[in-house]
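Subject: Handing over a structure, with notes on what was found

Dear colleague,

I am passing on the structure below, together with some notes that I hope will help you find your way around it. Please look it over first, and then read on.

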Amino acid sequence: MRRYDLVCFDMDGVLTSLRSSWHWLNLCLDVNNDASYHAYICGEIDEPEFMRRDIALWKGVKPDIKISDLIGFFQDMPLTHGIQETVACLRSNGIRCVIVSGGVDLAARMIAEEFGFDDYAADEICSNPDGTLTGEGKMNVDLKDKGITVRHFIERYGTVMDRTVSIGNSFTDIPMFKNSGMSIAFNPTDEFTAEAATYVVRSANISDVLDHILSDEDGHS
């Protein structure tokens, strides 16, 4: 009998070597969002306004920017080694794999489709019928409590918290950890995330998390 039914992966910094998929688009378009980032961190603006300001920067550089342009940028997004092996191994053991991210849904969808994840949740960049950006974003994952999305997937796949694993790298992933039976801080960016996790894995290859998930199948750690 397997011990876990579901593994929830953060995307940015876990499945990618990026700080943020939003930041990747800023780099590709050569814009700087430091001012809005600090405003968000300080609580001066909310997440939808943060997305709105990033999108406005992109449209300032390329007024007719389209979803297809963003997809093109994500084609070159640097990914963490070992995703294919990790997802294939977990799924061969009957374990569902999902992405829970405050990043861009276009990136999450590309990774999910390429590597065989069962599902994903991430924030949406809204577009017009012709593919141009409306200037708005849709918050599908609450960065202040990603545990909400973990609970949603637990319910969707008919399992329970104790049979769920969450993998993240930063303080926004701690609510994921609190809603899981086991948690892994993968290359954690801060001590709080490391301390909140069941295990810490520092590696360039995400498949190293399998040692903990599958060894626990037999009740060993």
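Two strands are taken to pair if DSSP finds at least two bridges between them. With that in mind, strand 5 is joined to strand 6 (residues 182-186) by four bridges, and these two strands run parallel. Please keep in mind throughout that this is a predicted model.

To begin with the pairing of strand 5 and strand 6, Ile167 stands opposite Ile184 in strand 6, and Gly168 has Ala185 as its bridge partner in strand 6. Strand 5 also runs parallel to strand 1 (residues 6-9), to which four bridges join it, and here Ser166 of strand 5 is the bridge partner of Cys8.

These strands belong to an open sheet of seven strands, whose order is 4-3-2-1-5-6-7 and whose pairing is mixed. Strand 4 (133-138) and strand 7 (199-201) stand at the edges with a single partner strand each, so one side of each is left without a neighbour in the sheet. On average, and with direction ignored, neighbouring strands of this sheet are turned by 25° against each other.

As for how strand 5 is covered, five of its five residues are buried. In a regular strand the side chains alternate between the two faces of the sheet. In strand 5 both faces are covered, since Thr164, Ser166 and Gly168 on one side are buried, as are Val165 and Ile167 on the other.

Two helices that lie across strands of the sheet may also be worth your attention. Helix 4 (residues 67-74) lies across strand 2 (96-104), strand 3 (119-127) and strand 4, and runs at about 135° to strand 3, while helix 6 (residues 105-115) lies across strand 2 and strand 3, running at about 140° to strand 3.

Finally, there is a point about the surface. Phe171 is found in the loop between strand 5 (164-168) and helix 8 (174-178), and Phe171 is exposed, because its relative accessible area is 52% and exposed means over 50%. Together with Tyr37 and Ile41, Phe171 forms a nonpolar patch on the surface, and the accessible area of these residues together is about 300 Å².

With best wishes

Notes:
Residues are numbered from 1 along each chain as its sequence is written. This is a predicted model: local features need pLDDT of at least 70, side-chain atom pairs count only at pLDDT 80 or more; totals for chains, interfaces and linings use all residues. Side-chain values use heavy atoms; hydrogens and water are left out. Patches are made of residues with over 30% relative accessible area and no salt bridge: like charges are joined within 9 Å, nonpolar side chains (Val, Leu, Ile, Met, Phe, Trp, Tyr) within 5 Å. Accessible areas come from the Shrake-Rupley method with a 1.4 Å probe; for residues, only the protein chains shown count as cover. A salt bridge is a side-chain nitrogen of Lys or Arg within 4 Å of a carboxyl oxygen of Asp or Glu. Buried means under 20% relative accessible area, exposed over 50%, partly exposed in between (1.4 Å probe, protein chains only). Axes are lines fitted to C-alpha atoms, for helices over the stretch in contact, and angles run from 0 to 180 degrees between N-to-C directions. Contact means heavy atoms within 4.5 Å.
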